[in-house]
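Hi everyone, thanks for making time. I'd like to walk you through one model today, going from a single residue outwards. Have a look at it first, and then we'll start.

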Amino acid sequence: GEDAEKNFVSFLNQLTNNNFPQKKIKNFYYFQIGRWDIHLDSNKVIKFPHNLNNNIIQKSIELLNRKDFENYKIIDLRVDGKIIVE
């Protein structure tokens, strides 16, 4: 998306600072409203909100490591206080 280059470094730094497993990332997608989706090599998609913070990144890492979330292809963290999965 437009302006993705300007926001990418900041987003990547947030992931790095929270020890997100970057080697598992296949693609990054940026949306005009200022939010990111990450497509992982396991064919999972994590949808992050535009108001991304460290707690949300930590929650995404936790969910990726949980056995009961293995079969979900989409982890949507865009709604504050909710986890939506498909």
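Let's begin with P49, which is buried, at 5% relative accessibility. One thing to say straight away: what you're looking at is a predicted model. P49 sits in the loop between β3 and α2. Which residues does P49 touch, once its neighbours within four places in sequence are left aside? They are R35, I56, L77 and R78. Take R35 from that list: P49 and R35 are 14 residues apart in sequence, yet their C-alpha atoms are 5.4 Å apart in space.

R35 takes us nicely to the charged side chains. As a reminder, side chains of opposite charge can pair when their charged atoms come close. R35 does this with D37: the two side chains form a salt bridge, with 2.5 Å from N to O. Is this pair buried or exposed? The cut-off for buried is under 20% relative accessible area. D37 has 6%, so D37 is buried, and R35 has 7%, so R35 is buried as well.

The other contact of P49 that I'd like to pick up is R78. The side chain of R78 meets that of D76 in a salt bridge, at 2.6 Å from N to O. Here the two partners fall into separate classes. D76 is buried, with a relative accessible area of 8%, whereas R78 counts as partly exposed at 36%.

Now over to helix α2, which covers residues 54-65. Inside this helix, K59 and E62 are three residues apart, about one turn of the helix. Their side chains meet in a salt bridge, 3.5 Å from N to O. K59 is partly exposed, with 30% relative accessibility, and E62 is partly exposed too, at 37%. What else is linked to K59 and E62? R66 and D68 are: these four residues are joined in a network of salt bridges. If you're keeping a tally for the model, the count comes to six salt bridges.

Let's step back to the sheet. How many strands does the sheet have, and in what order? There are five, in the order β1-β2-β3-β4-β5, and they form an open sheet with mixed pairing. The edges are β1, residues 25-31, and β5, residues 84-85. Each of these has a single partner strand, so one side of each has no neighbour in the sheet.

At the β5 edge, strand β4, residues 74-76, runs antiparallel to β5, and two bridges join them. If you want a spot to click on, I75 stands opposite V85 in β5.

At the other edge we meet helix α1, residues 4-17. Helix α1 lies across β1 and β2, and runs at about 130 degrees to β1. A residue that shows this packing is A4, which belongs to helix α1. A4 is buried, at 14% relative accessibility. Not counting residues up to four places away in sequence, A4 touches Y30 and W36. A4 and Y30 are 26 residues apart in sequence, and their C-alpha atoms are 5.8 Å apart in space.

Staying with β1, let's turn to the surface. Which residues make the nonpolar patch there? Y29, F31 and I33 do, and the patch amounts to about 300 Å². Of these, F31 is found in strand β1, and F31 is partly exposed, with a relative accessible area of 33%.

Last topic: the backbone, and two asparagines that you may want to check in your own viewer. Most residues other than glycine have a negative phi. N19 is not a glycine, yet N19 has a positive phi of about 60 degrees. Where is N19? N19 lies in the loop between α1 and β1, and N19 is exposed, at 65% relative accessible area. The second one is N43, again not a glycine, with a positive phi of about 65 degrees. N43 is placed in the loop between β2 and β3.

To wrap up, let's go back to where we started. P49 is buried, and P49 has both R35 and R78 among its contacts. R35 is paired with D37, and R78 is paired with D76. Thanks for listening, and I'm happy to take questions.

Methods: Residues are numbered from 1 along each chain as its sequence is written. This is a predicted model: local features need pLDDT of at least 70, side-chain atom pairs count only at pLDDT 80 or more; totals for chains, interfaces and linings use all residues. Side-chain values use heavy atoms; hydrogens and water are left out. Buried means under 20% relative accessible area, exposed over 50%, partly exposed in between (1.4 Å probe, protein chains only). Helices (H or I, at least four residues) and strands (E, at least two) are DSSP runs, numbered from the N terminus. Two strands pair if DSSP finds at least two bridges between them. Contact means heavy atoms within 4.5 Å. Axes are lines fitted to C-alpha atoms, for helices over the stretch in contact, and angles run from 0 to 180 degrees between N-to-C directions. Patches are made of residues with over 30% relative accessible area and no salt bridge: like charges are joined within 9 Å, nonpolar side chains (Val, Leu, Ile, Met, Phe, Trp, Tyr) within 5 Å. Accessible areas come from the Shrake-Rupley method with a 1.4 Å probe; for residues, only the protein chains shown count as cover.
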